[in-house]
Amino acid sequence: MFGTRITEMLGIKYPIVGGTMMHITTARFTAAISNAGGLGILASAIYKSREEFAEALDQLNDLTDQPFAVNLNLFPMMRPIDNNDYLDVLLDKGVRIVETSGHSAPEDLCARFKETGLTWIHKCVGVRYALKVQGLGADIITVVGYENGGATGKLDIGTLVLVPRVVESVRVPVIGGGGVSDGRGFLALLSLGAEGVIMGTRLLATREAPIHESLKKAFVEAGEQDTLLVMRSIGATHRVWANSAARKIAELEKEQAGLPEILNMATGEKAKQMYDHGDLDLGMISCGQGVGMCHDIPTVKELFDRIVGEAGDIAKRLARNS
Ligand SMILES: Cc1cc2nc3c(=O)[nH]c(=O)nc-3n(C[C@H](O)[C@H](O)[C@H](O)COP(=O)(O)O)c2cc1C
């Protein structure tokens, strides 16, 4: 049930993608997502050298025989080594699927994606970006709406409108996301024409997520209003969990503070410390509005099975009632 062009092209059981999450989609967590029937995506920027990255891919290949992808980060400041080096390593390790994300298309990399026969997924937040990367040869386009955790861009289009607009504008299959936390959202996005869904926030509250239990508990307790948008003033809008650090960043932006002051609060190193040690307020953590629908901490497999089961039940109920 729920087979689509995405499940066929990627060779996965369920049309569910676990979104790239810096410091979180490590080899182990990526494998957990792929082993649960979805597509895990390793965040290559976690690894600071070719050797560390190669080791992570070896570990991933040992932990799963299911398909997975690797995200190549397009922001030079955020990745320790050049993407061409990451590409050499991932090709050497037999990776077949790459993901990129952002509003600037990776024009320097896409020729290599094509030459090497990689399946290329690009994630963006608007029709115009989707059309651009389709023109460059993207095989699959992921779009995430305004509700989503992490980078939201500047267009502010909600998932309910963005997904069908992109689906009707491109010919390649579309993965939709932003706010998907359960079977209702999953089925809704397939109804909108997406052939797969992407989830980030919901996966934070799973048993295997490599983050501290106190954060998982906080996400289960959080509601849909517990996120806010920050860093718009520096052209890097992110939806994040509304803890005291995020509120402080929002204040700094109101006071027109300088880039260094804002980045000092927003650094990923602080998020990493929170994941490791459970501090709830040290820094900023990406988080979508779907956090309001995280009510428990299942394994990834329990979550995916439940989502697909729930979607199947809803589809049957609707068919009976029509
Ligand atoms: C904690 C966290 C970290 C994220 N880090 C990244 C990242 O490094 N790169 C990226 O492209 N997207 C990142 N994202 C976005 C996700 O990959 C995904 O697109 C998004 O979470 C989907 O929306 P949802 O959170 O509403 O499910 C992150 C999201 C979260 C929640």
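The paragraphs below lead through a predicted model, beginning at the ligand and moving outward to strands, aromatic rings and single residues.

The ligand is surrounded by 17 residues, and the closest of them are Thr20, Lys123, Gly179, Gly200 and Thr201. By character, this shell consists of 6 nonpolar, 10 polar and 1 charged residues. Several polar contacts can be followed from the protein to oxygen atoms of the ligand. Ser101 contributes a polar side-chain atom, which lies 2.9 Å from a ligand oxygen. Met22 takes part through its backbone, with an N or O atom 3.3 Å from an oxygen atom of the ligand. Gly200 likewise uses a backbone N or O atom, placed 2.9 Å from a ligand oxygen. Of the 600 Å² of accessible area that the ligand has on its own, the protein covers 91%.

From the ligand the reader may turn to strand β2, which spans residues 40–43. In a regular strand, side chains alternate between the two faces of the sheet. In β2, Gly40 and Leu42 point one way, while Ile41 and Ala43 point the other way. All four of these residues are buried. Strand β3, residues 68–71, pairs with β2 in the parallel sense, and the pairing runs over 4 bridges. Within this pairing, Ile41 has Ala69 of β3 as its bridge partner.

The chain continues from β2 into a loop that leads to helix α3 (50–63), and Ser44 is found in this loop. Is Ser44 buried or exposed? Ser44 has a relative accessibility of 0% and therefore counts as buried. The side chain of Ser44 reaches the backbone oxygen of Asn71 at 2.7 Å. Asn71 falls within the range of strand β3, residues 68–71.

A further sheet is formed by 3 strands in the order β7-β11-β10; this sheet is open, and its pairing is antiparallel. Strands β7 (150–151) and β10 (227–230) stand at the edges, and because each has a single partner strand, one side of each is left without a neighbour in the sheet. The pairing of β10 with β11 (residues 238–241) is antiparallel and extends over 4 bridges. One of the residue pairs here joins Leu229 to Arg239, its bridge partner in β11.

Beyond β7, Asp156 is located in the loop that leads to helix α7 (159–169). Its phi angle is near 55°, a positive value in a residue other than glycine. With a relative accessible area of 31%, Asp156 is partly exposed, because values between 20% and 50% fall in that class.

Aromatic rings offer another way through the structure, which holds 5 aromatic pairs. How are the rings of Phe2 and Phe186 arranged? Their centres are 5.2 Å apart and their planes stand at 85°, so the pair is edge-to-face; the angle exceeds the limit of 60 degrees set for that class. Phe2 belongs to the segment before α1 (5–10), whereas Phe186 belongs to helix α8 (residues 183–191), so the pair ties together parts that are 184 residues apart in sequence. Both Phe2 and Phe186 are buried. For Phe2, this follows because its relative accessibility is 15%. Phe2 also has a positive phi, near 70°, although it is a residue other than glycine. Elsewhere, ring pairs link Tyr47, Phe53 and Tyr86 into a cluster.

Two residues in helices complete the description. Glu115 is found in helix α5, which comprises residues 107–115. Its relative accessible area of 66% is the reason why Glu115 counts as exposed. The C-alpha atoms of Glu115 and Met274 are separated by 40 Å, and the two residues are 159 residues apart along the chain. Asn264 lies in helix α12, residues 259–266. With a relative accessibility of 47%, Asn264 counts as partly exposed. Asn264 and Ile249 are 15 residues apart along the chain, and their C-alpha atoms are separated by 9.5 Å.

Note on methods: Residues numbered from 1 in each chain as written. Predicted model: local features only at pLDDT ≥ 70, side-chain atom pairs only at ≥ 80, totals over all residues. Heavy atoms only, no water. Near = heavy atom within 4 Å. Polar contact = N/O pair within 3.5 Å; in protein donor to acceptor, adjacent residues only side chain to side chain. Areas by Shrake-Rupley, 256 points an atom, 1.4 Å probe, with all protein chains shown as cover. Nonpolar A, V, L, I, M, F, W, Y, C, P; charged D, E, K, R; others polar. Helix = DSSP H or I, 4+ residues; strand = E, 2+ residues; numbered from the N terminus. Buried < 20%, exposed > 50% of the residue type's maximum accessible area, 1.4 Å probe, protein only. Pairing = 2+ DSSP bridges. Phe/Tyr/Trp six-rings, centres within 6.5 Å; stacked < 30°, edge-to-face > 60°.
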